[in-house]
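This report walks through the cysteines, the charged side chains and the backbone of one chain. Have the structure open while reading.

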Amino acid sequence: MKAMIFAAGEGTRLRPLTLTKPKALVEVAGKPMLGRVLEAVRAAGIRDVVVNVHYLAEQIIDYLEANDFGLNIRIADERRRLLDTGGGLLAARDMLAGNEPILLHNADICTDLDLTRLEPRGIAKLLVADRDSSRRLIFNPDDMRLRGWVNERSGETRGCAEGLRRAFNGIHVVSPDIFPLLERYSRSIDSDVFSLTPFYVAAAAVEPIYGCSLTGYRWHDVGDLQKLAAANAAFQ
């Protein structure tokens, strides 16, 4: 298995910390979040990793050069334009070439999950949970196949609105067969900047995309200062 870590975000909700530091290098319990993810990837037996960069990219590159994680790390440089998760994955296609599944992990997800527990299935398998979130994916309760998406605050839905509603936890495993589908989707929306979530929902009508609920692990989305404080308390 290979891995891609999405570390390009600006982290505006973590200001003032991110005025001078990229979000991926914000520390949780004394350790940069990107370092935590890289250590978890290595512990899962993965050695080939792509890290995308955009905001304050030089700091992330310097951090990776200064620390030996025992990994073969390549940089997907998005300094000219931020491509979002779907566009970023597609742009890194050549770096991820091969027949191996690809683990995708947001840099601002702080967790002690054993990543080997998220085994490949279909085109994509998404880690999900029944937690507070206004935006939820909708799954078939029998086999956890993705059916749709809902914004519970606005009432907007895409795809099928009936099923088991779960929030996405920012970690997923995709098949290399996803790349032609990403290319087709990019052409259909006439843009190379797009998120993976709407792609998943659009593709789910014909492609096997699944959710996976696991237990027994700590998980924090470090998206703002309040969530950072919670993650610090949990991982001290």
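The sulfur of Cys 110 lies 20 Å from the closest cysteine sulfur, that of Cys 212, which is too far for a bond. This is a predicted model. Seen from the other side, the result holds: for Cys 212 the closest cysteine sulfur is in Cys 110, at 20 Å, again too far for a bond. A disulfide is a covalent bond between the sulfur atoms of two cysteines. The cut-off used here is 2.5 Å between the sulfur atoms. By that rule the count is 0 disulfides. Cys 110 is buried, at 3% relative accessibility. Cys 212 is buried too, at 9%.

**Salt bridges**

How many salt bridges does the structure hold? There are 12 salt bridges. One of them pairs Asp 108 with Lys 23, with the closest N and O atoms 3.1 Å apart. Asp 108 sits in the loop between strand E6 (102–106) and strand E7 (109–111), and Lys 23 in the loop between strand E1 (2–6) and strand E2 (27–28), so the bridge ties together parts that are 85 residues apart in sequence. Are these two partners buried or exposed? Asp 108 counts as buried, at 12% relative accessibility. Lys 23 is buried as well, with a relative accessible area of 18%. Buried here means under 20%.

Another bridge joins Arg 218 and Asp 112, at 2.8 Å from N to O. Arg 218 is in the loop between strand E13 (209–213) and strand E14 (219–221), while Asp 112 is in the loop between E7 and strand E8 (124–129), so this pair ties together parts that are 106 residues apart in sequence. Arg 218 is partly exposed, at 38% relative accessibility. Asp 112 is also partly exposed, at 38%. Elsewhere, salt bridges that share partners link Asp 130, Arg 136, Glu 152, Arg 165 and Arg 166 into one network.

Asp 77 and Arg 79 meet in a salt bridge too, at 2.5 Å from N to O. Asp 77 is partly exposed, with a relative accessible area of 43%. Arg 79 is partly exposed at 36%.

The three pairs are set side by side below.

| Acidic partner | Basic partner | N to O distance |
|---|---|---|
| Asp 108 | Lys 23 | 3.1 Å |
| Asp 77 | Arg 79 | 2.5 Å |
| Asp 112 | Arg 218 | 2.8 Å |

**Surface charge**

Which residues gather in a patch of positive charge on the surface? They are Arg 13, Arg 135, Arg 153 and Lys 227. Arg 135 belongs to strand E9 (residues 135–139). Arg 135 is exposed, at 54% relative accessibility.

The loop between E9 and strand E10 (146–151) holds Asp 142. Asp 142 is exposed, with a relative accessible area of 75%. The C-alpha atoms of Asp 142 and Leu 164 are 9.4 Å apart, although the two residues are separated by 22 residues along the chain.

**Backbone**

Helix H1 covers residues 33–43. Its buried residues are Met 33, Leu 34, Gly 35, Val 37, Leu 38, Ala 40 and Val 41. Just after H1, Gly 45 adopts a positive phi of about 85°.

Most residues other than glycine have a negative phi, and most peptide bonds are trans. Several sites in this chain depart from that pattern.

Leu 56 has a phi near 50°, a positive value in a residue other than glycine. Leu 56 is in the loop between strand E4 (48–53) and helix H2 (57–66). At 26% relative accessibility, Leu 56 is partly exposed.

Asp 84 also has a positive phi, near 65°. Where is Asp 84 placed? Asp 84 is in helix H3 (residues 84–91). Asp 84 counts as partly exposed, at 36% relative accessibility.

The peptide bond between Arg 15 and Pro 16 is cis, with omega about 15°. Pro 16 lies in the loop between E1 and E2. Lys 23, the buried partner of Asp 108, is in the loop between E1 and E2 as well.

Terms used:
Residues numbered from 1 in each chain as written. Predicted model: local features only at pLDDT ≥ 70, side-chain atom pairs only at ≥ 80, totals over all residues. Heavy atoms only, no water. Patch = residues over 30% accessible without salt bridge, like charges linked within 9 Å, V, L, I, M, F, W, Y side chains within 5 Å. Areas by Shrake-Rupley, 256 points an atom, 1.4 Å probe, with all protein chains shown as cover. Salt bridge = Lys/Arg side-chain N within 4 Å of Asp/Glu carboxyl O. Lys, Arg positive; Asp, Glu negative; His and termini not counted. Charge placed at Lys NZ, Arg CZ, Asp CG, Glu CD. Helix = DSSP H or I, 4+ residues; strand = E, 2+ residues; numbered from the N terminus. Buried < 20%, exposed > 50% of the residue type's maximum accessible area, 1.4 Å probe, protein only.
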